[in-house]
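Dear colleague,

Please find below the structure that I am handing over to you. A summary of what was found in it follows.

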Protein chains: 2
Amino acid sequence: MVENKKNRRRGDQLQNDIYQAAYNLLKKEGYTNLTFSKIAKAAQTSRSVIYRYWDTPFDLVFEMIHNQMKDSGQIANTNLNGKNLQENLFIIGKSLTTGFNIVLTEFNKMMLSEMIEQPQKIHKLFDEINTGNLQIIDAALQMAIDNKEIKFMPSQQVRLSLFHLIRYSYVIENHNLDDAQLLELINEIVLPAIVASQK
Amino acid sequence: MVENKKNRRRGDQLQNDIYQAAYNLLKKEGYTNLTFSKIAKAAQTSRSVIYRYWDTPFDLVFEMIHNQMKDSGQIANTNLNGKNLQENLFIIGKSLTTGFNIVLTEFNKMMLSEMIEQPQKIHKLFDEINTGNLQIIDAALQMAIDNKEIKFMPSQQVRLSLFHLIRYSYVIENHNLDDAQLLELINEIVLPAIVASQK
DNA sequence: ATAAATAAGATACTTTGAGTATCTTATTGA
DNA sequence: TCAATAAGATACTCAAAGTATCTTATTTAT
């Protein structure tokens with residue numbers, strides 16, 4: 001059976017194949033080397049098709065990640081079944097660090113390098129991320145309030161510190177915290193800040 | 001008086017002029033749009049001259065920043081004349097935030113976007129930065145020990161938290177902390193972590 | 001069932017910059 | 001003052017951006 005060269009993918013299927021090709025290239029060669037030409041070749045389509053959907057590789061990857069987030073649901077539905085606040089913070093931190101992958105890292109770097117040109121888009125995305133992060137940590141803190149571990153909500157800066165420090169390590173220093181380091185971070189910085197906020 | 005087209009800059013002067021041109025372009029258009037062609041045109045020299053000194057725009061800017069750091073001496077010589085640990089932490093944080101400028105920001109983003117291709121160089125630089133940061137905060141903490149404010153040095157993670165959180169805000173969220181936010185960061189996170197480390 | 005609309009895919013062209021190589025010429029310093 | 005060195009000009013190939021035009025497979029509506 002000879003393959004029929006005339007089969008044409010369309011719409012969502014075509015877009016997903018292109019995303020997949022871009023994903024693999026991003027993983028292999030990084031954002032700097034990502035071009036429409038390479039993506040088209042990898043996805044076995046034409047450059048003109050890609051131009052019809054996206055203006056730049058940035059737009060393509062941006063929408064790819066957004067798409068991916070929609071499907072995977074992010075950490076928002078993490079199951080907070082720790083027996084106290086410390087354990088729930090660990091669960092949250094852990095789900096953040098394991099959620100990292102090379103494409104998200106490349107995406108982070110890409111966003112930073114494009115910040116000067118796409119500030120609106122990127123600020124909006126960080127707002128989305130912070131909102132999601134606050135949702136999950138606020139759930140953990142509310143449980144701690146219900147359990148009388150703490151009395152009231154700390155400031156936003158304190159509530160986001162866990163995420164910011166993990167993300168600093170991962171995005172900027174290119175290092176994913178192991179369990180011991182995550183625990184250290186929680187015990188030495190995040191929990192003391194929460195405790196101090198209660199006075 | 002007609003200008004003499006045959007005057008040739010050389011060595012350090014030429015390099016500094018090229019750095020200056022690159023600096024202005026970086027500030028105006030960001031790292032993504034920085035090309036040897038544009039730099040050469042802006043510096044009124046030839047592309048081949050630039051290739052003789054650097055392999056890529058990344059290398060050029062990397063060395064430019066290193067050069068600039070050498071001259072300005074960084075925050076290492078900050079004068080810690082606060083009357084207690086809290087004031088000295090504020091002085092340190094302040095000198096970090098005021099030391100930021102658009103070129104350093106672009107540089108940070110550039111480094112992140114090149115991390116996949118230049119990991120050695122960049123890890124080395126982050127080590128340098130952390131070492132410098134530890135030097136200055138350790139000086140402040142040693143003064144606090146001498147004054148009996150604290151008894152011993154906190155862990156490295158705690159000592160670097162001030163820098164990491166400031167840098168997170170600046171590099172990743174593109175937002176420079178004002179005095180009130182810096183003070184909040186110190187009072188709500190850094191100092192509680194230091195205090196907790198004393199038990 | 002077929003025609004019209006739509007989207008995929010091929011191709012061609014211009015422009016820009018990377019990277020390399022070669023040449024001339026200004027400047028330095030032995 | 002002459003040889004060595006570095007600046008600067010120029011020319012070439014290649015890859016990719018961006019745009020435009022054309023054909024053709026597939027879908028949709030009649």
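I begin with the way in which the two protein copies meet. All of the interface residues of chain A, 100%, are also interface residues in chain B, so the copies meet through the same surface. Please bear in mind that this is a predicted model.

The symmetry of the pair is as follows. Chain A is superposed on chain B by a rotation of 180 degrees with 0.0 Å of shift along its axis, and the RMSD is 0.1 Å. That is the relation of a two-fold axis.

Turning to the interface itself, 35 residues of chain A are in contact with 37 residues of chain B. About 3,300 Å² is buried between chain A and chain B, and carbon and sulfur atoms give 61% of this area. Zero salt bridges are found across the interface of the two chains, whereas eight residue pairs are in polar contact between chain A and chain B, with both residues of each pair at pLDDT 80 or more.

On the side of chain A that touches chain B, the elements that give two or more residues are helix 6 (102–113), helix 7 (119–146), helix 8 (156–172) and helix 9 (179–196) of chain A. Helix 8 of chain A provides the largest share, with nine residues. By class, the residues on this side of chain A divide into 14 nonpolar, 12 polar and nine charged.

The model also contains DNA, and I describe one strand here. DNA strand C is surrounded by 24 residues, of which Thr45(A), Arg52(A), Tyr53(A), Arg8(B) and Arg47(B) are the closest. Of the atoms of DNA strand C that come within 4 Å of the protein, sugar and phosphate account for 56%.

Which side chains place a polar atom by a base oxygen of DNA strand C? Arg8(B) has a polar side-chain atom 2.7 Å from a base oxygen of this strand, and Arg47(B) has one 2.8 Å from a base oxygen of the strand. In chain A, a polar side-chain atom of Ser46(A) lies 3.4 Å from a base nitrogen of DNA strand C.

Two or more residues of the surface near DNA strand C come from each of helix 1 (11–29) and helix 3 (47–53) of chain A, and from each of helix 2 (36–42) and helix 3 (47–53) of chain B. The largest share of that surface, five residues, belongs to helix 3 of chain A. The surface near DNA strand C has five nonpolar, eight polar and 11 charged residues.

Yours sincerely

Technical notes
Residues numbered from 1 in each chain as written. Chains lettered and ligands numbered in written order. Predicted model: local features only at pLDDT ≥ 70, side-chain atom pairs only at ≥ 80, totals over all residues. Heavy atoms only, no water. Contact = heavy atoms within 4.5 Å. Buried area = accessible area lost by both parts, 1.4 Å probe. Salt bridge = Lys/Arg side-chain N within 4 Å of Asp/Glu carboxyl O. Polar contact = N/O pair within 3.5 Å; in protein donor to acceptor, adjacent residues only side chain to side chain. Helix = DSSP H or I, 4+ residues; strand = E, 2+ residues; numbered from the N terminus. Nonpolar A, V, L, I, M, F, W, Y, C, P; charged D, E, K, R; others polar. Near = heavy atom within 4 Å. Least-squares fit on C-alpha atoms with pLDDT ≥ 70 in both.
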